[in-house]
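The exercises below each set a task and then work through it step by step. Please keep the sequence and the model in view while reading.

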Amino acid sequence: MDAATFIDRIRDRQFFADQITHVELIPARPAQFADLTDGLHPDVERALAEQGIERLYVHQVDAIEHIRQGRNVVIVSGTASGKTLCYNIPVVETVLNDSMATALYIYPTKALAQDQLRGLGALEAPQMSEWFMAGTYDGDTPGSLRRRLRDAGNVILTNPDMLHTGILPHHARWNRFFTHLRFVVIDEVHAYRGVFGSHLANVLRRLQRVCAHYGADPQFVCCSATIGNPRDHAERVTGVAMELVDRDGSPRGPRRFVMWNPPPLDRAARGSADDRRIGGDRRSSLGQAVELMAALVQEGVQTIAFVRTRLASELLFKGVRDRLRPISRRLSESVHAYRGGYLPEERREIERRLVEREILGVASTNALELGIDIGSLDACILVGYPGTVASTWQQSGRAGRGQEPSLVFLIGQNTPMDQYLMAHHDYLFVQNPEEAVVDPDNPHITIGHLRCATHELPLDDAEVPLFGPYADVVLELLEEEGTVRHLDERWYWASPRYPAAEVNLRNISGVVYTIQDDRQGERVIGTLDEVSALSQLHDHAVYIHGAETYFVEELDIDQKIAHVDRRDLDYYTQSVQSSQIRIDEVEEEDVWHDATVGFGDVTVTTAIPMFKKIKFATRDSLGFEKLELPPQELETVGMWFAPPDEIVQEMMQRRMVAGEALIGIANVLVEVAPFYVMCDVQDVGTVVDSSCLGRDALFLHDRYPGGMGFAHRCVQRIDEIMPTILRVIEECSCEDGCPSCVGSALPPFAMTDLDSAVRGRIPDKHAARFLLRRLLGRT
């Protein structure tokens, strides 16, 4: 594919005119090789030669040397840089020298574990065929194969969920495996942040207890994409000291990174190209992605488009297929969606068809951001800024593997940070990736794992600190509920329950709703967590699956089932919410630039009183419908910011309202926060409230019980965050505020966001700018 020619060609199309704000040419990078001090095992060397690998990259050599010396290692390199060889080589060499040795490979998804098994098999020496056994151990593994892997497996590839529910609780059956365990490999460790990462850290605490019980002390090897704190993050997740390997020696082909900004609707209507700085609503980024992907597929360019939600992936898939059907039915059938909620066999078939190039276009959530082998794609479309610099490079790295040229489009949404990036494109190419955040000591998370740990093995008093500073208090609560008992300086499980089944590693609530198509014999078509279910599967909602629209007949909250009926509908639905907040306990409070800034425990009460119907093609509102759903209470942590009375009084004299200014600042804050904290905009929420402090105040809270550390990190970095908010507001060229600054228009992923209140008016931009300038001493 000639990327430059394609860019020139679409520049000339009227629909795409003047939407390319910048093209960054990232030059090719040659490979850097190195040699191992003691060379390779002859059998491994032969296996590599059969794959055409004659020399190792410098990061592979660095990692293998550390592992051979018994150190724990975290390896940081780009997409498709050969990270798997960093651990596969020493593991296979160890097994060749000791046939009893075992290794545990942990991947964030079942699909990734199954994909990586093929790479391990390529290193298997002929003489190993009689005794070496490796395989995936997950919910799809047949019972007979599970027994063989448990009894004779050398390398087990699994995921955190299976380790948590299917292996650790039955460790006695795995005594051979754990006794000889030499390595624990955690691939894609950067993916384990927030709730999922905090859960995994506790699963690994339990794993280390079981290993110690059988006399094993395995090495830990972590692999990561580029993040700001890889060593610290890996150490937080594993609980052991790490050596950092970050000299990436893999080659990279030339890449053109296109910044693509949809035009404001009023300019698009006029067809004028002379004013790039008009505020207001813009063409849909999802609609732009449909046209762009359709154009790429017509050129035979295999393309992946990343979106933020399941719904958006289905909308993009449906839009591209509909766009291509009149042109070529074959091309329309070569487009598909890929997301969580599909059945395993559906996902594997899509992966196979991508590798075989039977699929030319795929609309995916971040399910394909991780290292599943789907072949070498030609182009990548990012529908909106992915939320972090690290995810931006991880997703864009899916195109142009090896030394082939690639083409990447970042389509800006009508949000403050996307528009900031469109105007400051250098931010992406010079900014160090953000730092990942986990909170393994969150008592809402550790309580479930303490139940599991005592169920697996009695917990000595000396082991209690392993589970964090609140573990002793949590154990006392468990003793009060009668599930554990303390005898002779040990905690014992004292309940007939199976605690691992009650802990969902992907969220804190653990409640999952089933989506059931009653017209197809009660066929289950997907699942959703409780928070998402209330906002997406309420009565009369439209749920999209496989490019088909389903009407929700009833959401049965007691049975946790959404009863749906497939219908041909020309609209989708979007829930409307309102939130109230209460400060439960103040942990920190200080004066910052004469304003009050605090942090502590808060309770957020959220109601969903109605939903909106929106037409697919035009995004016109078709009206609202009332809902009667129970309010949801969230006990979490939050920060608050209240401007000083002096500035509030001055604003009143100028006929400005402080509350209006704070709403505008809040809309930008929720977008700016991920620039400083490695979180998603859906991980935090904002509320402007006057009842807690007796005056208007802005609150930012974590959207997880007990919190994950996001709000606290924002307090720590308020000196950087507030000036950035002011810069976003000031540099937006609109006169009175628009969705690109204080208005915070709803991006496509907000269709599935509990906090996606429909904002019918734009807050006062002048008030927000005045408040921040006075606060920061710039007036």
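**Exercise 1. Find what covers the buried residues of helix H22, and describe how its two sides differ.**

Solution. The cover over the buried residues of H22 includes H23 and helix H26 (765-775), where a contact is a pair of heavy atoms within 4.5 Å, and where helices (H or I, at least four residues) and strands (E, at least two) are DSSP runs, numbered from the N terminus. The model is a predicted one, in which local features need pLDDT of at least 70, side-chain atom pairs count only at pLDDT 80 or more, and totals for chains, interfaces and linings use all residues. Residues are numbered from 1 along each chain as its sequence is written, and side-chain values use heavy atoms, with hydrogens and water left out.

Next, take the residues themselves: within H22 (residues 645-653), Ile 647, Val 648, Glu 650 and Met 651 are buried, a word that stands for under 20% relative accessible area, while exposed stands for over 50% and partly exposed for what lies in between (1.4 Å probe, protein chains only). Viewed down the axis of H22, these buried residues fall within an arc of 165°, so they line one face of the helix; the arc is that of the directions from the helix axis to the C-beta atoms. Glu 646, Met 652 and Gln 653, on the other side of H22, are exposed. Finally, just after H22, Arg 655 takes a positive phi of about 60°.

**Exercise 2. Locate two further residues that have a positive phi without being glycine, and state how accessible each of them is.**

Solution. One is Glu 188, with a phi of about 55°, and its place is the loop between strand S8 (181-186) and helix H9 (194-213). Because its relative accessibility is 6%, Glu 188 counts as buried. The other is Arg 357, whose phi is about 60°, in the loop between helix H15 (344-355) and strand S14 (361-364). Arg 357 has a relative accessible area of 37% and is therefore partly exposed.

**Exercise 3. Describe the largest nonpolar core and follow the contacts of Ile 381, one of its members.**

Solution. A nonpolar core is a set of buried Ala, Val, Leu, Ile, Met, Phe, Trp, Tyr and Cys residues joined through side-chain atoms within 4.5 Å. The largest one has 125 residues, of which Leu 316, Ile 381, Phe 409, Phe 641 and Ile 725 touch the most other members. Its largest share, twelve residues, comes from helix H23 (residues 658-676). Leaving aside neighbours within four places in sequence, Ile 381 is in contact with residues including Ala 289, Leu 292, Met 293, Phe 409 and Ile 411.

**Exercise 4. Classify the ring pair of Trp 260 and Phe 409, and place both rings in the chain.**

Solution. Rings of Phe, Tyr and Trp (its six-membered ring) pair if their centres lie within 6.5 Å, and planes under 30 degrees apart count as stacked, over 60 as edge-to-face and the rest as tilted. By this rule there are 17 aromatic pairs. One of them is stacked, namely Phe 33 and Tyr 57, at 5.5 Å centre to centre with 25° between the planes. Trp 260 and Phe 409, by contrast, are edge-to-face, with 5.8 Å between centres and 80° between the planes. This pair links distant parts of the chain, since Trp 260 is in strand S11 (residues 255-260) and Phe 409 in strand S16 (residues 406-411), 149 residues apart. Both Trp 260 and Phe 409 are buried.
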